[in-house]
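Got the viewer open? Here is a short walk through the model, one selection at a time.

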Amino acid sequence: MELDYLATVLLSSLSSASVLLIATVGLAIVFGLMGVINLAHGEFIMFGAYVALFATRNGVPFPLAVVLASVVTALFGAIVERAIIRHLYGRILDTLLATWGLSLVLYQSAVLIFGTVTPGVGMPQSNIEIGNYTLSTYLLFLILVAVVLIGLLYWLLTRTGYGIVARAAIQDPQTAATIGIESGRINTATFALGSGLAGFAGAILLPAFPATPSMGFAFVIKAFLAVVAAGPVTLSGTVVAGGALGSIASMTASFYTTVMGDVVFFLATITILRIFPLGISARWRLKL
Amino acid sequence: MFEITDATGGYGKTRIIRSVSMSVKTGEVVALLGRNGVGKTTLLKYIMGLIDVFGGQVSLDGAPLPASTARRARAGLGYVPQGRYVFPRLTVTENIAAAAIGCGLGRKEAVERALANFPILRDKAEALAGSLSGGQQQILAIARALATRPRVLMLDEPSEGVQPSIVDEIAGILMAMKDEATLSIIIAEQNLDFCLSLAERAYVMAGGTIAREVTRDELIGDRELLHDLLGV
């Protein structure tokens, strides 16, 4: 095997894992940390993508459009938490049905408003040559985005007052209340954070994954599996599980086919859960 | 003065405590005694606003406290629940910081003060609270409650499941706080020696109500009461 091919496959796999992580961190917050099964997570990604698309088409520079998409999706998430989710905490099946219904509404709304095919953002694409092979510069840039995003999120949740209070309120809302923490506000803020991260994912991935009403579906199943495989130490677990599963699937796809890549992803998840029923991080002594 | 007037509460439709009235002066330590299941924990939960209220009120210096648990904490009620309930995936420092932030206080100063007052926690400052021993968790739970700068501190079975040396340490900590004379303390306990070393007065509960109010000396001298109500 040639060295340039191997380097291309490795970078490509790392890039795929980064794409999966970018799409998953929002769910790691909402599902992994808060325990809310948000089946509309994929549609939140789609929501962010369309906000960014709409903004860029109206002359907003792409980096600003990404920020705008994150903020608008976060606000939308806050409204969803206040209107729907907060009435269903502790009722897993009801939450599942409500967010599934929300996902259908968002999907059909996108189909009605934008149609099933949407033009991309039209950013200039550049490639990097590695020997005889080329890789999209933007896909490699997403590796950096994933690293920075996870670093920032870890900082937010472990070093800031909000992060400490949020983790306390999510671990034990009643005890948190006895030390003055209003869990309701924290839950809204945290759900908004997870939603904003989904919106960020949809927007930042837009140059590589054009906005379509069904785009979230491509990410959400693997995102859920990565968070389940991650276990209770949400962020670190998701980085390891999502990174490993995404890389393995991408490498398999490079050598065989995309379908085989997906099969390996699911088989690897099943194997992880057979060995670690509570997720890979069940015995980790880490805070996040 | 901290007062509970005609407190009636429970879970769902079940009333556990009925028409409980008691008061604690500033700087006073009061014990809440009684056998298992008489309503000591439920009374403390009532005071913190953690259970369904059917009647009565809780007031501090004559002003009724708000219904919300978080607001009661910010109004000056500190609570150490039975079983500690530290946040297991937060470090010792973060547990203390969370309490300070929750009550709008500076987290850095709160952590420094707590580690100065509770040296046993200093070596474990960055350890996850879930990895501490039961006694260390109990001390952390007290430190966390004190980080809210309470005017009334309520402790529910603080000596339960804790090794004797740590129980002595907890008693020493509470004694030091008692000497400051600015904090009122209510201790619900079954460990009579622990209570008698701290409290000047006790309310004895039976069947969800206050059966008797006694001074420490009356309690020590009344063997029948000790035997009948406490089973000791």
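Is A:Thr118 buried, exposed or partly exposed? With 17 other C-beta atoms within 10 Å, A:Thr118 counts as partly exposed, because the buried class starts at 20 or more such atoms and the exposed class ends at 12. Keep in mind as you go that this is a predicted model.

**Stop 1: around A:Thr118**

Select A:Thr118 and you land in the loop between α4 and β1 (127-130) of chain A. Now show its contacts, skipping the neighbours within four places in sequence: you should get A:Leu53, A:Pro210, A:Ala211 and A:Thr212. For a sense of scale, add A:Ala249, which sits 131 residues away in sequence and 28 Å away in space, C-alpha to C-alpha.

**Stop 2: α2 and α4 of chain A**

Next, select residues 41-57 of chain A for helix α2 and residues 92-114 of chain A for helix α4. Their axes are 9 Å apart and the packing angle is about 30 degrees, which makes α2(A) roughly parallel to α4(A). Turn the pair until one helix lies over the other, and you have a left-handed crossing.

Put side chains on the contact. From α2(A), show A:Gly42, A:Glu43, A:Met46, A:Phe47 and A:Tyr50; from α4(A), show A:Ser103, A:Leu106, A:Tyr107, A:Ala110 and A:Phe114. Colour them by class and the contact comes out as seven nonpolar, two polar and one charged.

**Stop 3: α3 and α8 of chain A**

Hide those and bring up helix α3 (residues 62-83) and helix α8 (residues 183-204) of chain A. Here the axes are 7 Å apart, at an angle of about 140 degrees, and α3(A) passes α8(A) in a right-handed crossing. What does the class colouring give for the contact of α3(A) with α8(A)? It divides into 15 nonpolar, 10 polar and two charged residues.

**Stop 4: α9 and α10 of chain A**

Move along to helix α9 (residues 215-230) and helix α10 (residues 234-255) of chain A. The two axes come within 8 Å and cross at roughly 125 degrees, so α9(A) is oblique to α10(A). The crossing of α9(A) and α10(A) is right-handed.

On the α9(A) side, pick A:Ala226, A:Val227, A:Ala229 and A:Ala230. Facing them from α10(A) are A:Thr234, A:Gly237, A:Thr238, A:Ala241, A:Gly242 and A:Leu245. By class, that contact has six nonpolar, four polar and no charged residues.

**Stop 5: where the chains meet**

Show both chains again and select the contact between them: 17 residues come from chain A and 26 residues from chain B. On the chain A side, look for α6 (161-171) and α7 (173-178), each of which supplies at least two residues. Which element of chain A gives the most to this side? That is α6(A), with six residues. The side of chain A that touches chain B holds six nonpolar, six polar and five charged residues.

**Stop 6: chain B as a whole**

Finally, isolate chain B, with its nine helices and 10 strands. Its radius of gyration is 17 Å, close to the 17 Å that the globule rule gives for 232 residues, so chain B is as compact as a globular protein of that length. The C-alpha trace spans about 45 × 35 × 30 Å along its principal axes. Colour chain B by burial and 46% of its 232 residues show up as buried. Of the contacts in chain B with a separation of 6 or more, 67% link residues 24 or more positions apart.

How values were computed:
Residues numbered from 1 in each chain as written. Chains lettered and ligands numbered in written order. Predicted model: local features only at pLDDT ≥ 70, side-chain atom pairs only at ≥ 80, totals over all residues. Contact = placed C-beta atoms within 7 Å. Helix = DSSP H or I, 4+ residues; strand = E, 2+ residues; numbered from the N terminus. Nonpolar A, V, L, I, M, F, W, Y, C, P; charged D, E, K, R; others polar. Axes fitted to C-alpha atoms, helices over the stretch in contact; angles between N-to-C directions. Parallel < 35°, antiparallel > 145°, perpendicular 65-115°, else oblique. Left-handed = near helix turned anticlockwise from the far one by under 90°. Rg over C-alpha atoms; globule rule 2.2 N^0.38 Å.
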